[in-house]
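Work through the following exercises with the sequence and the structure in view. Each task is followed by a solution in steps.

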Amino acid sequence: MGKDKHHRDWILRRCCGSIAACILTLAVLVGFIVLVIYLAIHPSKPSFYLQDVQLRNIDLSDPAISLNLQVTIASRNPNDRVGVYYKTLHVFTTYREEPITVPVELPAIYQGHKDVSVWSPVMSGESVPVGQYVADAMRQDIAAGYVLLHVKVDGRVKWKVGSWVSGGYHLFVTCPALLAASGGNVGGAFAMSATAGGGVGGNATVSLKFAQAADCTVDV
């Protein structure tokens with residue numbers, strides 16, 4: 001009796017081991033197939049462009065910055081066979097690496113092959129605390145007739161090939177936004193008045209507008 005039980009246990013262990021080996025082999029095979037497909041297709045990261053910036057107002061009150069602006073950002077999927085899911089995207093504006101607007105969530109979308117998508121979020125910051133050197137630098141830039149901001153997008157993307165969807169990848173985009181004095185040779189159609197309180201020249205109203213569309217750096 002004991003011998004039969006031992007034999008049954010041995011058979012059960014062999015069966016469980018065989019099943020586990022089959023599952024592991026299948027998982028490795030599926031992973032290998034997915035890797036081969038990914039390497040064969042090798043999706044290129046999307047391209048981003050900053051098309052327009054409408055800076056409606058900006059106010060400096062030491063040591064804080066308040067501003068309101070609307071930007072237009074375009075994204076293009078350069079892939080022939082790979083779609084892109086944009087997930088949990090947030091856009092915000094910085095000046096000299098200091099955030100000066102509250103992050104705004106962009107709607108999640110799917111972007112097909114060679115498709116172009118456009119977002120036009122409105123961003124604002126009310127009395128955003130910044131370092132004194134940042135406020136001084138912006139005041140000097142406004143007085144000089146130019147301000148360089150950076151519009152940034154932070155989020156996640158997924159690749160889609162047929163019915164297969166990849167895991168999430170971190171996406172980070174940086175777009176330079178140069179605003180220049182309207183009297184210069186600059187493009188764009190929107191002019192704004194920026195009042196730099198105190199500091200250089202006291203209260204001064206400077207007419208600035210978006211200089212030119214810009215390519216963005218994209219990290220995935």
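**Exercise 1. Classify tyrosine 169 by its accessibility, and describe the aromatic pair that contains its ring.**

Solution. Step 1: Tyrosine 169 has a relative accessible area of 32%, and is therefore partly exposed; buried means under 20% relative accessible area, exposed over 50%, and partly exposed in between (1.4 Å probe, protein chains only). The model is a predicted one, in which local features need pLDDT of at least 70 and side-chain atom pairs count only at pLDDT 80 or more, while totals for chains, interfaces and linings use all residues. Residues are numbered from 1 along each chain as its sequence is written, and side-chain values use heavy atoms, with hydrogens and water left out.

Step 2: Tryptophan 159 has a relative accessible area of 3%, so this residue is buried.

Step 3: Rings of Phe, Tyr and Trp (its six-membered ring) pair if their centres lie within 6.5 Å; planes under 30 degrees apart count as stacked, over 60 as edge-to-face and the rest as tilted. The ring centres of tryptophan 159 and tyrosine 169 are 6.4 Å apart and the planes stand at 45 degrees, so the pair is tilted.

Step 4: This pair links distant parts of the chain, with tryptophan 159 in strand β9 and tyrosine 169 in strand β11 (residues 169-181), ten residues apart. Helices (H or I, at least four residues) and strands (E, at least two) are DSSP runs, numbered from the N terminus.

**Exercise 2. State how many aromatic pairs a search of the whole structure finds, and describe the one formed by tyrosine 85 and tyrosine 110.**

Solution. Step 1: The search finds five aromatic pairs.

Step 2: Tyrosine 85 and tyrosine 110 form a tilted pair, 4.7 Å centre to centre with 50 degrees between the planes.

Step 3: Tyrosine 85 lies in strand β3 and tyrosine 110 in strand β6 (residues 109-111), so that distant parts of the chain, 25 residues apart, are linked.

Step 4: Tyrosine 85 is partly exposed at 23% relative accessible area, and tyrosine 110 is partly exposed at 38%.

Step 5: Ring pairs also link Phe48, Tyr86 and Trp119 into a cluster.

**Exercise 3. Determine how many salt bridges a search of the whole structure finds, and locate the partners of arginine 96, glutamate 97 and arginine 139.**

Solution. Step 1: A salt bridge is a side-chain nitrogen of Lys or Arg within 4 Å of a carboxyl oxygen of Asp or Glu. Four are found in the whole structure.

Step 2: Arginine 96 meets aspartate 141 in a salt bridge of 3.7 Å, N to O. Arginine 96 is in the loop between β3 (83-95) and β4 (98-99), aspartate 141 is in helix α2 (residues 132-144), and the two are 45 residues apart. Aspartate 141 is buried at 8% relative accessibility, whereas arginine 96 is partly exposed at 45%.

Step 3: Glutamate 97 forms a salt bridge with lysine 152, with 3.4 Å between the closest N and O atoms. Glutamate 97 lies in the loop between β3 and β4 and lysine 152 in strand β9 (residues 146-161), so the pair ties together parts 55 residues apart in sequence. Glutamate 97 is exposed at 61% relative accessibility, while lysine 152 is buried at 8%.

Step 4: Arginine 139 pairs with aspartate 136 at 3.2 Å, N to O. Both residues lie in helix α2, three residues apart, about one turn of the helix. Arginine 139 is buried at 4% relative accessibility, and aspartate 136 is partly exposed at 29%.

**Exercise 4. Decide whether threonine 93 is buried or exposed, and list the residues in contact with its atoms.**

Solution. Step 1: Threonine 93 lies in strand β3.

Step 2: Its relative accessibility is 0%, so threonine 93 counts as buried.

Step 3: Contact means heavy atoms within 4.5 Å. Leaving aside neighbours within four places in sequence, threonine 93 is in contact with Leu69, Glu98, Pro99, Ile100, Thr101, Met123, Leu149, His150 and Val151.

**Exercise 5. Describe the surroundings of aspartate 219.**

Solution. Step 1: Aspartate 219 is found in strand β15 (residues 217-219).

Step 2: Leaving aside neighbours within four places in sequence, aspartate 219 is in contact with His170, Leu171 and Phe172.

Step 3: The C-alpha atoms of aspartate 219 and lysine 45 are separated by 7.9 Å, although the two residues are 174 residues apart along the chain.
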